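Open the model in your viewer and keep the selection box handy. We will go from one stop to the next, picking residues and looking at what surrounds them.

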Amino acid sequence: MRKIEEKYATEVAVIGVHSAKFPNEKAKENLYQAVQRHELRHPVLNDGDFHVWRAYACRAWPTMMFIDPEGKVIGKHEGEISYESLDKLMGDMVVEFDDQGLLNRTALAISVETEPDRTLSFPGKVLADGPGGRLFIADTNHNRILVTSLEGAVKQVIGSGRAGLDDGSFSTATFNHPQGMALDGNALYVADAENHTLRKVDLTAERVETIAGNGNQGSNRETRGPGLAMELNSPWDLVYHAHALYIAMAGLHQLWSMTLGDGQIGPYAGSGGESITDGPRATAMLAQPSGIASDGTKLYFVDSETSSVRTADLNPNGRVGTIVGQDLFVFGDVDGTEDKVRLQHPIGIAYQDGIVYIADTYNHKIKKILPNTRSSFTLLGSGEAGHQDGPGHQAKFSEPSGISFAGGKLFIADTNNHLIRVADLEADRVWTLEISGV
């Protein structure tokens, strides 16, 4: 859609209608933050009570309605669509209405607020390296990675800050809204989400190179192939294990894997159908996996659209299972055990000493999940969006999306607050990391 808006800037007017699935998405402030985070440049209507949805007989997210220059609905498309198909459709319509003399190429007068100058902008993920005393921060909307000490002193800045897909030195390389990261010694791997690529960062030589993806958004859900020849779709998080990367491929509703020895990449778990279905890896169904971690035997991942925490075995005959979570439309904020547990669109996950920690993003909380008992406990957060340090139950976050564990502390990407928060679980205290030296 962004490419369509840019190509047909004077021929096509885009109006977004936000009919929220999750309660958290209905709040005006949260919608405003989402518009800023996704850098939308068109007006967005908050259809919180589904009035517009019903008036246009919508049935699916997303739905596109096509309206001609005279105000008549002339077409409808449900579900995702490739850029090539949409480009041809829009191009044909532009020619048709131009020939009829109906197109008005006067630009819409829309004012877009400029983002305030902040140290971080919507940080999506964070990775703590306890032994190395390093913290890696995906400064997502600044299109860069910051490497700091665990106390917040900046050591390296990876990326120029421009949006793009350029390899090279730290000062010239470009990213496009990077998200999850994985570390192997001095090699940092980055899920470069909006470039649909994986990048390798040599922290010693200070160089960035692309190892998978070519910048195009892919639709392949079946085959494996050489990294640079494959098209990815919104890789959102990574974990490293036994010389391989495991990828939360959010856009395809799958987990992928990449063997670093031969550079082969492809689906690992999930058929590509969007649902919550357990079973053999190849036939199981996932729904927008957005965070991934491992204990060396299993992969743990948060399936955001089903508000669930799930597992995938690390063996050739492995299966996908569900720890907590029910369905695409079953969500809430309920601690407890087994089928009583309710989460709301979790995005971040970490594993430590038999415990899974999650960023329960739309509940503005950090929770502890015990896989053996299938139970959930709120660790941090009052449940109200905001920014407040202090005791864990009084702390406030705003859509935290990344979480990592090191040295007995949790490091949290507090996305809508544009901050990194730190929690000492033993002391039950949360504070804001002071980042210095950018």
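Before we set off, bear in mind that this is a predicted model.

**Stop 1: a helix with two sides**

Select residues 83-99, which make up helix α4. How far apart are its end C-alpha atoms? They are 24 Å apart, which agrees with the 24 Å that 17 residues should span at 1.5 Å a residue.

Now colour Leu-86, Asp-87, Met-90, Gly-91, Met-93, Val-94 and Phe-97, the buried residues of α4. Turn the view until you look down the axis of α4: the buried residues fall within an arc of 165°, so they line one face of the helix. The general rule behind such a pattern is that an α-helix has 3.6 residues a turn, so residues three or four places apart point the same way.

On the other side of α4, pick Glu-84, Lys-88 and Asp-99, which are exposed. To see what covers the buried residues, add α1 (2-7), β3 (63-67) and β4 (73-78), which are among the covering elements. Before leaving, click on Gly-101, which follows α4 and has a positive phi near 70°.

**Stop 2: an enclosed strand**

Next, select β11, residues 187-192. Is β11 enclosed or open to the outside? Here 6 of the 6 residues are buried, so β11 is largely enclosed by the rest of the structure. Ala-187, Tyr-189 and Ala-191 are buried on one side, and Leu-188, Val-190 and Asp-192 are buried on the other.

Add strand β10 (residues 178-184), which runs antiparallel to β11 and is joined to it by 5 bridges. Leu-183 has Leu-188 as its bridge partner in β11. The hairpin of β10 and β11 has 2 residues between the strands, and Gly-185 there takes a positive phi near 65°.

Then add strand β12 (residues 197-202), joined to β11 by 6 bridges, again antiparallel. Look for Ala-191, which stands opposite Leu-198 in β12. This hairpin has 4 residues between β11 and β12, and His-196 in the turn has a positive phi of about 55°.

**Stop 3: the largest nonpolar core**

Keep Leu-198 selected, since Leu-198 is listed among the residues with the most contacts inside the largest nonpolar core, a group of 18 residues. Add Leu-232, Leu-245, Ile-247, Trp-256, Met-258 and Ile-265, which are listed with it. The elements giving two or more residues to this core are β11, β13 (207-212), β16 (244-249) and β17 (254-259). As background, nonpolar side chains tend to be buried together in soluble globular proteins.

Centre the view on Trp-256. Beyond its neighbours within four places in sequence, Trp-256 is in contact with residues including Asn-220, Met-230, Leu-232, Leu-245, Ile-247, Ile-265 and Pro-267.

**Stop 4: salt bridges**

The model has 24 salt bridges in total. Begin with Asp-278 and Arg-310, whose closest N and O atoms are 2.9 Å apart. Asp-278 sits in the loop between β18 (264-269) and β19 (279-280), while Arg-310 belongs to strand β22 (residues 308-313), 32 residues apart. Which partner is buried and which is partly exposed? Arg-310 is buried, at a relative accessible area of 0%, and Asp-278 is partly exposed at 39%.

Move on to Asp-333 and Lys-365, which meet in a salt bridge of 2.9 Å, N to O. Asp-333 lies in the loop between β23 (319-324) and β24 (336-337) and Lys-365 in strand β27 (residues 365-370), so the pair ties together parts that are 32 residues apart in sequence. Asp-333 is partly exposed, with 34% relative accessible area, whereas Lys-365 counts as buried at 11%. Widen the selection to Asp-335, Asp-360 and Lys-367, which are linked with Asp-333 and Lys-365 in a network of salt bridges.

**Stop 5: an open sheet**

Finish with the open sheet of 5 strands, ordered β29-β33-β32-β31-β30, with antiparallel pairing. Its edge strands are β29 (390-391) and β30 (400-406), each pairing on one side only. Strand β31 (residues 409-414) pairs with β30 over 6 bridges, and Ser-404 stands opposite Phe-411 in β31.

Last, pick Lys-396 and Glu-384, whose side chains form a salt bridge (3.4 Å, N to O). Lys-396 is in the loop between β29 and β30, and Glu-384 is in the loop between β28 (375-380) and β29.

Technical notes:
Residues are numbered from 1 along each chain as its sequence is written. This is a predicted model: local features need pLDDT of at least 70, side-chain atom pairs count only at pLDDT 80 or more; totals for chains, interfaces and linings use all residues. Side-chain values use heavy atoms; hydrogens and water are left out. Two strands pair if DSSP finds at least two bridges between them. The expected span of a helix is 1.5 Å times one less than its number of residues. Buried means under 20% relative accessible area, exposed over 50%, partly exposed in between (1.4 Å probe, protein chains only). The arc is that of the directions from the helix axis to the C-beta atoms. Contact means heavy atoms within 4.5 Å. A salt bridge is a side-chain nitrogen of Lys or Arg within 4 Å of a carboxyl oxygen of Asp or Glu. A nonpolar core is a set of buried Ala, Val, Leu, Ile, Met, Phe, Trp, Tyr and Cys residues joined through side-chain atoms within 4.5 Å.
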